[in-house]
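Hello,

Here is the structure I promised to pass on to you. Have a look at it first, and then read on for what turned up in it.

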Amino acid sequence: IGVDVKTVAQGYRTSQLTGKEVVNSQNEEIGTIDDFVIARDDHQPFAVLEVGGFLGLGGHLIAIPFESLEVEDASGKIVLAGGTKESLEKLPEFEYES
């Protein structure tokens, strides 16, 4: 199985995105990327965000499809268009299985 390594090298490394803040279209911080999970059945990638809380305390985790995020190449800013803290805090809490 071959891949175009030059194309792959231009992609996003999860190690560079983990820990970065996520903002909405109004540039308001709405969460932080905690991790990435790849679904076992269809291999779809999900971003796990920490939302709510203050200074990393009291927040909870949610999972959203990675494709719903926009990574701006020039600034490295990660945008979830239309997202708000309130709407994300209403999503089901994500918990890691072992």
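**Starting from one histidine**

A good place to begin is H60, which is found in strand β4. Please keep in mind that this is a predicted model. Is H60 buried or exposed? Its relative accessible area is 17%, and buried means under 20%, so H60 counts as buried. Leaving aside residues up to four places away in sequence, H60 touches L49, E50 and V51, and also L88, E89, L91 and E93.

**The chain as a whole**

Stepping back, the chain has three helices and six strands. Read from the N terminus, the elements follow the pattern α-α-β-β-β-β-β-β-α. The C-alpha trace spans about 45 × 35 × 20 Å along its principal axes. There are 98 residues, and 26% of them count as buried. Of the contacts with a separation of 6 or more, 41% are between residues 24 or more positions apart.

**The sheet**

How are the six strands ordered in the sheet? The order is β4-β3-β2-β1-β6-β5, in an open sheet with mixed pairing. At the edges sit β4 and β5 (70-71), each of which pairs on one side only. So that you can find one pairing by eye, look at β1 (residues 21-23) and β6 (residues 78-79): these strands run parallel and are joined by two bridges. One residue to pick out there is V23, whose bridge partner in β6 is V79.

**The nonpolar core**

In soluble globular proteins, nonpolar side chains tend to be buried together. Here the largest nonpolar core has 15 residues, and those with the most contacts inside it are V22, I33, L49, I64, L69, I78 and L80. At least two residues of this core come from each of β2 (29-38), β3 (45-51) and β4 (60-65). V22 is worth a click: not counting residues up to four places away in sequence, V22 touches E28, E29, I30, G31, T32 and I33, along with L49, L69, I78 and L80.

**Surface and charge**

On the outside, the chain exposes about 7100 Å², of which carbon and sulfur atoms supply 51%. How many charged side chains of each sign does the chain have? There are 7 positive and 18 negative ones, and the centres of the two sets lie 6 Å apart.

Enjoy exploring, and write back with any questions.

Best wishes

Conventions. Residues numbered from 1 in each chain as written. Predicted model: local features only at pLDDT ≥ 70, side-chain atom pairs only at ≥ 80, totals over all residues. Heavy atoms only, no water. Core = buried A, V, L, I, M, F, W, Y, C linked by side-chain atoms within 4.5 Å. Buried < 20%, exposed > 50% of the residue type's maximum accessible area, 1.4 Å probe, protein only. Helix = DSSP H or I, 4+ residues; strand = E, 2+ residues; numbered from the N terminus. Contact = heavy atoms within 4.5 Å. Areas by Shrake-Rupley, 256 points an atom, 1.4 Å probe, with all protein chains shown as cover. Lys, Arg positive; Asp, Glu negative; His and termini not counted. Charge placed at Lys NZ, Arg CZ, Asp CG, Glu CD. Pairing = 2+ DSSP bridges.
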